[in-house]
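Got your viewer open? Let's take a walk through this model, one selection at a time.

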Amino acid sequence: MDRALQRTQILTNHLLQFAPPSPLSSNACLSYSPPELSENYAFDVKEMRKLIDGHNVEERDWLFGLMRQSKLFNPEEKGGKVFVSPDYNQSTEQQREMTWKRIEYLLERGAFKGWLTEKGEEIEMRKFAGFEVSSIYDHSLFTKLGVHFFLWGGAIKFLGTKHHQEKWLSDTENYSIKGCFAMTELGHGSNVRGVETVTTYDSNTGEFVINTPCETAQKYWIGGAANHATHTVVFSQLHINGTNQGVHAFIVQIRDADGNICPNVRIADCGHKIGLNGVDNGRIWFDNVRVPRENLLNSVADVSPDGKYLSSIENPDQRFAAFMAPLTVGRVNIACAAVYQSEVALAISVRYALTRRAFSLKPNEPEVLLLDYPSHQRRLIPLIAKTYAMSFAANYLKMLYVKRTPQSNKIIHIVSSSFKATFTWTNMQILQECREACGGQGLKTENRVGHLKGEYDVQSTFEGDNNILMQQVSKALFAEYMAAQKRNKVFKGLGLEHMNKPCPIISSQLTSSTLRSSQFLMDALCLRERDLLNRFVADVSKCKVEGESTQQAFLMCYQLAEDLGRAFSDRAIFQTFIEAEATLPAGSLKDILGKLLVFGLSSDKLRTDFSFTKRPTQR
């Protein structure tokens, strides 16, 4: 009753204060000033930004500056700062047109210079930075650029050979050619090897003939296909002299320079989506479409003029793996974009929590800031810590990719698969929590957080369904385990070296200082991963002994596979966090990261999995 009377008194005070004819006056629970104008920081904000961005800070600022200068990006000054954000109230057609105009604007100002025509680590990292800036602004802009540069352009660069690169890359970089990437079909997404599009070779004319044999073979969700793309890379089964040689990639023109659809090509729009409506996703059918023999991207395999299939890799599985290896960059980009969207959502919700007040502790006292409530801190601070951890892991992943060698392709595949799944799942968790933390304001499109859930939900399934990616990670860990056991050798690589050491012992009496120790936390994560890997190997092996095939055994152990994939990812992410903190000299940055290390592990998933400490491990 006392609480009800208190709330009634607060409402009465508001009503008396705002009752006409008195003019509106300021009140603590309604006043707003940007928190950065009044808050003091315990660390250097600029240095922290350099640390989590990791690279190309000046180039990022330059690109943000270009956006703030143009009305195309809807600049608006608030609280002494200029903010840019898309207008999501526009129609699908308007959003698509605005996305294309923004690309043209950035192109004219040299934003994409060297992205495909220059080589080396520096340009690769600059390109990553550019994509991350575009993802912060708008997922449609990020995706449209990604399809053109990383998927279409990347296919030419890595699946093609010198004559493809000389013919297509420069025109792609300056958008004389607008590319898309026709891999996904109505009937096949993650299972690329099962695509149904068929290509044969006509030795009389020296041409490949591409066909869509059934409705499930139509290319689906092809970004850029509905409106703008002039060319595409088609992934198709290649049949030579009656033998299916597996999936190969072909360059196909689908529109002429005037935007007219080419003969024997049919294109339809995928329509309105829950997000990404600035991307013109389309469907494509091919009816005896002929392309020159030179349009086969032949870095892995080729067809001679007289129709002989040529490849230095005889094993079809190894050939397919070599063919797909260069395309992992898509997962790298998606993982990094998920981190930056988590940063955007948390920045908005924390700023809101530092200005919005609700309820006073005593009658006639000012109402309390949301972020002063322990429950609100518990909602947001662990997510901030997780996002810091993902930032360091994303920077590690990018360096792993740009320093890649043929020998490291497997590691990149495993790490990018696990990080892409973990980061995108975590991003969706963060977006939902931030939406709720903003109350009703989180529903407003202009406040972005609620809308971003629809924009980024797709990341859980494109460039590989997350559940399938985690199963691939677990299969790779299983293979590493069996190889080490078979050869009686130590584990080496993928961070599994901890499996060579004695099993960590978790005391039943845990003190506060122990729980805050980074070594204890790492031991806990390693023990979790070790336990799940041992159990996964044991369960799969048991299924095989009972007569199941290896593939069926993996399927029957799907839950352990996903848990193991998450455990591998969590340990790897935390390891990059520890390494980033360890490189810092003593000071405020190191102190704050040390505190965040503990918050970063406050996940329900880890607490649930902590039951493993009660069971003995086998290795």
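## Stop by stop

Start by selecting residues 327-477: the C-alpha atoms at the two ends of this span lie 21 Å apart, and the span is 68% helix and 0% strand. Keep in mind that you're looking at a predicted model. An unreviewed UniProt entry labels residues 327-477 "domain: Acyl-CoA oxidase C-alpha1".

Now for a contrast, pick residues 180-289. Here the make-up is 0% helix and 46% strand, with the end C-alpha atoms 17 Å apart. UniProt's name for this stretch, again from an unreviewed entry, is "domain: Acyl-CoA oxidase/dehydrogenase middle".

**Two crossing helices**

Next, colour helix H11 (residues 409-437) and helix H17 (residues 558-582). Their axes come within 9 Å and cross at roughly 95°, so H11 is roughly perpendicular to H17. Show the side chains where they meet: H11 brings Ile414, Val415, Ser418, Phe419, Thr422, Phe423 and Trp425, while H17 brings Glu562, Arg566, Phe568, Ser569, Asp570, Ala572 and Ile573. What kinds of residues make up the contact of H11 with H17? Eight are nonpolar, three are polar and three are charged.

**Into the core**

Stay with Phe423 for a moment. Which residues does Phe423 touch, not counting those up to four places away in sequence? Select Ala335, Ala338, Val339, Met390, Ala393, Ala394 and Ile573 to see them. You've already met Ile573, on the H17 side of the helix contact. Phe423 also belongs to the largest nonpolar core, which has 160 residues; Phe423 and Phe235 are the ones with the most contacts inside it. As a rule, nonpolar side chains in soluble globular proteins tend to be buried together.

**Another spot on H17**

Click on Ala567, also in helix H17. Is Ala567 buried or exposed? Its relative accessibility is 1%, so Ala567 counts as buried. Leaving aside neighbours within four places in sequence, Ala567 is in contact with Arg528, Glu529 and Leu532. Then try a distance: from Ala567 to Leu452 is 27 Å, C-alpha to C-alpha, and the two are 115 residues apart in sequence.

**Last stop: a loop**

Finally, go to Ser304, in the loop between strand E12 (301-303) and strand E13 (309-311). Ser304 counts as buried because its relative accessibility is 12%, and the cut-off for buried is under 20%. Show Tyr201, Arg293 and Leu310 too: Ser304 touches these three, not counting residues up to four places away in sequence.

Conventions. Residues are numbered from 1 along each chain as its sequence is written. This is a predicted model: local features need pLDDT of at least 70, side-chain atom pairs count only at pLDDT 80 or more; totals for chains, interfaces and linings use all residues. Side-chain values use heavy atoms; hydrogens and water are left out. UniProt positions are given in the numbering used here, feature names are shortened, and annotations may be inferred rather than shown by experiment. Helices (H or I, at least four residues) and strands (E, at least two) are DSSP runs, numbered from the N terminus. Axes are lines fitted to C-alpha atoms, for helices over the stretch in contact, and angles run from 0 to 180 degrees between N-to-C directions. Angles under 35 degrees count as roughly parallel, over 145 as roughly antiparallel, 65 to 115 as roughly perpendicular and the rest as oblique. Contact means heavy atoms within 4.5 Å. Ala, Val, Leu, Ile, Met, Phe, Trp, Tyr, Cys and Pro count as nonpolar, Asp, Glu, Lys and Arg as charged, and the others, Gly among them, as polar. A nonpolar core is a set of buried Ala, Val, Leu, Ile, Met, Phe, Trp, Tyr and Cys residues joined through side-chain atoms within 4.5 Å. Buried means under 20% relative accessible area, exposed over 50%, partly exposed in between (1.4 Å probe, protein chains only).
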